[in-house]
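Hi,

Here is the structure I promised to pass on. Have a look at it first, and then read my notes underneath.

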Amino acid sequence: MARFRTITRRESKSLITGLLFILPWIIGFLAFRVYPFFASLYYSFTFYPILDTPKWVGFDNYRDLFSDQRFLTSLYNSTYYAIFAVPLGTVVGIALAMLLNMKVRGLSTFRTIFFLPSITPVVASAIVWLWMFNPRNGIINFVLDLVGIRGPGWLGSPEWAKPALILMSLWSLGGAVVIYLASLQDVPREMLEATDLDGANAAQKIWFVTLPMISPVILFNVITGLIGAFQFFTEVHVMTGGTGKPADSTLMMSIYLWQTAFQFFKFGYASAQAWMLFLIIIAFTVVLFRISGRLVYYGGK
Amino acid sequence: MASKLSLPTEAVPVQRSSNQRSRSSRVRGWRILGSVLKYGALLLCSAFFILPWVWMISTSLKNPQELSVYPPIWIPHPIRWDNYLQAFRGADFATYLTNTLLVTVPSVIGAVLSNALVAYGFGRVRWPGRDWIFGIVLATLILPSFVTFIPLYLIFRQLNWINTYLPLVIPTFLGSPFFIFLLRQFFMGLPEELSDAARVDGASEFRIFTQIILPLARPALAVVALFQFIGSWNDYFGPLIYLSDKALYTISLGIANMQSSYGFMNFAWIMAATCMSVLPIVVLFFFAQRMFIEGIALTGLKG
């Protein structure tokens, strides 16, 4: 009940001060987040060619999506990418952080080597990797050749294009490594020493102490990684010229969405795709939170 | 977990004397093997991370004929520095550079000003409903930009802002949830007595903000400026949808455009342009390395 009492003059003065400080955010929030959010929901129920006005068509766009082969392909491609790239990135990221956490000489050099790619312009790394994946004179197949493996066609082959993108995504996981490393350094030393006395081996220490202690950070990284993976756009757009070639094998949901809006100029249909993308991201996030409920250790908090 | 701990048995010290020598040499053997494995793994991983850089720099200095040679040439002969000039001549790299600065500099100013103001309102002013609204700020962190970009495009088209830098710059003046979160965290860590003393003296909240808190917040503001600089410099999607006039292209958009419009034979100077687009970021990193690492670690840990 107390919450609904009328506010005092002093409180109302502080309210005005507070609101004045956050005014930029309020404007941005209403104009660039709330309004577009609901507008895109509305457009998703309309037929909206770019130069026309939107016409209400009910659920038609959503119905069309599920008989649209290219949309289903994009759904498959994005899910494929997310399901492989996120867990792989997580495991490799944690492994690298653990390596760096083992009293390494030259720690800051290694950290720089791992971190720098994560802040290089995506367009630049996409162009470099495009060139590296060249099946005939690219360097990846050259390295494979050295160990006696005949490299695949990578971005020229429908089967190998997505694995190529996943491999490339590992190059920019340095941000996650830095976050994991910082959280590993926060694991209490006494706890690890206690398990030493107990005769635990290295694997047991990692599994029973280290991983549970950093689990909230893992969850945070997995969720942001997943949100990013479903919005994976720039690399594919640059490497395939916005087409998702070969044979739509790299047509991600974001790429198809961009094509629908800015090549086919169907804003209503594109908005329905945007909302499907949003619902999928929400669904994955909720599921992850549910699963993680039992697995994540929040310490005393 | 602690309950499972067992103390070492009495027998251990007795056995030690007889086995001491062989055991200590075995321990040393394991330790050497361990560090061989550790550094081996680190070097192998480093090779994976370094390879693209080497390849990028090497390609940017090649002659056209050297591009398609197999096995690949690592050190071009002669080294062709001319590719870097060609990037300026063949494609308007200087224009792209200027354009990128025209977007990036105002965006950095906008981000620092707006987020400092907003974060102060959330972190150091007490007002009814504050924490509840801050919850909304956090919720918008996970709102995918793909959900809102079509209506945003329509708003900016209505305002006649297409083919200007305004859609890229103006939003940075209106706060970003990530930076608000980061700065609020920092502001809340400053002792409350600082503000209280000034309040007793009758200073206004705005005055406390500008005279006391902002000077102390310089390191955190630098992190915001740094991240916004990288974000604007690297941005591709925004320029892609809002800029169609080639004279307005930013570096990212310009290079991607070179890549798709000039063929194979021009790849060397396209790579030279790519190198130059990365250079400012690398230089920035080496100047502000600690800030990067601490800033990144902070965002992850407190999330």
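**Where the chains meet**

Chain A puts 76 residues into its contact with chain B, and chain B puts in 74 residues. On the chain A side, the top contributor is helix H2 (residues 23–43), with twelve residues. Sorted by class, that side of chain A has 55 nonpolar residues, 17 polar ones and four charged ones. Do keep in mind that this is a predicted model.

**Two domains in chain A**

The domain assignment splits chain A into domain 1 (2–61) and domain 2 (64–295). Their centres, taken over C-alpha atoms, are 33 Å apart. Where these two domains touch, domain 1 of chain A supplies twelve residues and domain 2 of chain A eleven. On the domain 1 side, H2, strand E1 (46–47) and helix H3 (60–65) of chain A each bring at least two residues. H2(A) gives the most there, with three residues. By class, this side of domain 1 has seven nonpolar, four polar and one charged residues.

**A bent helix**

Now go to helix H11 (residues 202–230) of chain A. With 29 residues, a straight helix would reach 42 Å at 1.5 Å a residue, but the end C-alpha atoms of H11 are only 35 Å apart. Where does H11(A) bend? Look at Ser215(A): the bend there is about 55°, and a proline, Pro216(A), follows within four residues. The buried residues of H11(A) include Ile214(A), Val217(A) and Ile218(A), and also Ala229(A) and Phe230(A).

Cheers

Notes
Residues numbered from 1 in each chain as written. Chains lettered and ligands numbered in written order. Predicted model: local features only at pLDDT ≥ 70, side-chain atom pairs only at ≥ 80, totals over all residues. Contact = placed C-beta atoms within 7 Å. Nonpolar A, V, L, I, M, F, W, Y, C, P; charged D, E, K, R; others polar. Expected span 1.5 Å × (residues − 1). Bend = angle between axes of the 7 residues up to and from the residue. Buried ≥ 20, exposed ≤ 12 C-beta atoms within 10 Å, placed from the backbone. Domains from an automatic or database assignment.
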